[in-house]
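Please keep the sequence and the three-dimensional view side by side while reading. The paragraphs that follow move from the fold of one chain to the surfaces that face the nucleic acid.

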Number of protein chains: 2
Amino acid sequence: MQPQGATPVRQAALVHGPMADELGFHLRRAQIAAFRHFAHAISAAEGITPGLYGMLQAIANNPGLSQSALAVAMDVDRSSIVKVVDQLEEKGLIVRDASPTDRRRYRLHMTVTGTQVLDRIEDAVMRQDRAFSARLDEAERATLIDFLKRLYQPDSEPPTLARE
Amino acid sequence: MQPQGATPVRQAALVHGPMADELGFHLRRAQIAAFRHFAHAISAAEGITPGLYGMLQAIANNPGLSQSALAVAMDVDRSSIVKVVDQLEEKGLIVRDASPTDRRRYRLHMTVTGTQVLDRIEDAVMRQDRAFSARLDEAERATLIDFLKRLYQPDSEPPTLARE
DNA sequence: TTAAATAGGTGGACTGGTCAACAATTTGAA
DNA sequence: TTCAAATTGTTGACCAGTCCACCTATTTAA
C-alpha cells in the first residue's frame with residue numbers, strides 16, 4: 001500500500017518548465033502528498049484508505065442509502081462499490097440491510113462497532129488533516145477549500161455543454 | 001473512456017458530515033475532476049495521461065537525465081519507470097541514449113518528433129488547464145497554486161538553485 | 001582487489017478502476 | 001393486465017499503475 005517515497009537521496013531539483021504554471025500538476029502532487037500523509041497516519045494503524053474512509057462517512061451520514069446511490073456519490077461504477085462494501089462488511093463496520101419495499105436493494109448502514117470505529121478514526125483523520133495543512137493558517141485553509149470546491153463542483157456552469 | 005460521472009439522474013446531494021471540513025477530501029475530489037478533465041481534452045486525442053505528460057516534460061526540461069533520477073523526480077519506484085520509458089520510446093517521443101561515461105546508465109532525451117508532439121500537446125494542456133480553472137480568476141489561481149505547493153513541498157525551501 | 005553501491009530490468013502481486021453480461025425485481029406504457 | 005424496459009446488485013475479464021524482491025552489469029570505494 002504505502003507509496004513510500006523515493007530514495008532518501010538529496011537530488012538537485014529538476015526544471016519543471018511550463019508545468020510550473022499548470023494547476024493540474026500541483027493538484028496531483030498535493031493529492032499524492034495528502035494520500036501518503038493519510039497512509040502514514042491512518043492506514044497503517046487502522047487499515048483504512050482515504051477511499052474507504054470516504055465511503056464510511058457517506059454511509060454514516062446518509063444511513064440507508066443504496067449501493068447505487070453510493071456509487072453515484074463516490075462517482076465510481078456500481079460494480080466497484082460491491083468490493084468496497086464487502087470489505088467494510090467483513091470488517092464488521094457496516095451491514096447490508098434488505099430493503100423492505102424493494103427487494104433488489106440493500107440499505108447500507110453502520111453497525112454499532114462501525115460507529116465507534118468511525119468516531120475514533122474520525123478524530124485521527126481530523127488531526128492528520130490539520131497536520132498536513134500545518135503550513136496554512138485558518139483563513140488560508142478555508143480559502144483553499146473554497147477554491148477546490150469551485151474546481152470540482154458541477155453547479156452553475158456552461159449550460160450548453162451537450163452531455164450524452 | 002467516459003468516466004462520466006454519475007448517471008444523468010438528479011440525485012439529492014449527500015450529507016458529507018465532518019468531511020466537509022477535511023482538506024484531503026476536497027483535494028481528492030478536485031484531483032479526480034482534474035484527471036477527468038485532462039482525459040477528456042488530452043488523453044482521448046493524444047493517448048497520453050497526466051503521468052506520461054509529466055514524464056515527458058521532465059525529460060524535455062532536463063535532457064540527459066537518468067531513469068533513476070526521473071524516478072526520484074516523479075516519486076515512484078525505479079521499476080515503474082521502465083514501462084513508462086518503454087511506452088514513450090515506442091511512441092517515438094524519446095530515446096534511451098547510452099551514457100558514454102557510465103555504461104550502466106541511459107541518458108533520456110526527446111526525439112525531434114517528441115519535441116514537436118510535446119509542443120502541440122503542451123498547448124492543448126495549457127488551454128485545458130485554464131478551462132479547468134475557469135471559475136478562478138488569475139489572482140485566485142496563483143494563490144491556489146501557492147497553497148498547493150506549500151502542502152507538498154518538503155521542508156521549508158529550495159536551497160541554492162539558480163535555475164529557472 | 002574485492003565488497004558494496006548503483007543503474008536498469010524482470011516477474012509476481014495487489015489495488016482500484018473499467019466494461020459487459022446476467023438474474024431478480026420493479027416500473028410503466030399499451 | 002401484461003409484458004418490455006429499466007434498475008439493483010453481482011460476477012468475471014481486463015487494464016493501468018504501483019510496489020517489492022530479486023537479477024545482472026558496472027562503477028565506486030575500502
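According to an unreviewed UniProt entry, residues 20-153 of chain A carry the feature "domain: HTH marR-type". In this predicted model, the chain over residues 20-153 of chain A is 69% helix and 7% strand. The C-alpha atoms at the two ends of that segment are 24 Å apart.

Chain A as a whole contains six helices and two strands. Read from the N terminus, its elements follow the order α-α-α-α-β-β-α-α. Chain A has 164 residues, of which 40% count as buried. Among contacts in chain A with a separation of 6 or more, 50% come from residues 24 or more positions apart. The exposed area of chain A is about 9,000 Å², and carbon and sulfur atoms supply 53% of that area.

One helix, α3(A), deserves a closer look. Which of its residues are buried? In α3(A), the buried positions are Q67(A), A69(A), L70(A), A71(A) and M74(A). An α-helix has 3.6 residues a turn, so residues three or four places apart point the same way. The cover over the buried residues of α3(A) includes α2 (50-61), α4, β1 (94-98) and β2 (106-110) of chain A. It also includes α1 (23-46) of chain B, so named in the numbering of that chain's elements. Just after α3(A), D75(A) adopts a positive phi of about 65°.

The discussion now turns to DNA strand D. This strand is surrounded by 21 residues, and the closest are S68(A), R96(A), R104(A), D77(B) and S79(B). By class, the surface near DNA strand D comprises four nonpolar, eight polar and nine charged residues. Where do the atoms of DNA strand D within 4 Å of the protein belong? Sugar or phosphate accounts for 60% of them, and the rest belong to bases.

Individual polar pairs show both base and phosphate partners. R104(A) places a side-chain N or O atom 2.6 Å from a base oxygen of DNA strand D. A polar side-chain atom of R78(A) likewise lies 2.9 Å from a base oxygen of that strand. For Y106(A), a backbone N or O atom is 3.2 Å from a phosphate oxygen of DNA strand D. The elements that give two or more residues to this surface are α3 (67-74) and α4 (78-90) of chain A, together with α4 (78-90) of chain B.

DNA strand C can be followed in a similar manner. Here 22 residues surround the strand, with S79(A), S80(A), Q67(B), S68(B) and R104(B) the closest. The surface near DNA strand C divides into three nonpolar, nine polar and ten charged residues. Of the atoms of DNA strand C within 4 Å of the protein, 66% are from sugar or phosphate, and bases hold the rest.

Which residues place polar atoms by a phosphate oxygen of DNA strand C? A polar side-chain atom of S80(A) is 3.0 Å from such an oxygen. From chain B, a backbone N or O atom of S68(B) lies 2.7 Å from a phosphate oxygen of the strand, and a polar backbone atom of Y106(B) is 3.1 Å from a phosphate oxygen. At least two residues of the surface near DNA strand C come from each of α4 of chain A and α3 (67-74) and α4 of chain B.

Methods
Residues numbered from 1 in each chain as written. Chains lettered and ligands numbered in written order. Predicted model: local features only at pLDDT ≥ 70, side-chain atom pairs only at ≥ 80, totals over all residues. Heavy atoms only, no water. Near = heavy atom within 4 Å. Polar contact = N/O pair within 3.5 Å; in protein donor to acceptor, adjacent residues only side chain to side chain. Helix = DSSP H or I, 4+ residues; strand = E, 2+ residues; numbered from the N terminus. Nonpolar A, V, L, I, M, F, W, Y, C, P; charged D, E, K, R; others polar. Buried < 20%, exposed > 50% of the residue type's maximum accessible area, 1.4 Å probe, protein only. Contact = heavy atoms within 4.5 Å. Areas by Shrake-Rupley, 256 points an atom, 1.4 Å probe, with all protein chains shown as cover. UniProt positions renumbered as here; feature names shortened; annotations may be inferred.
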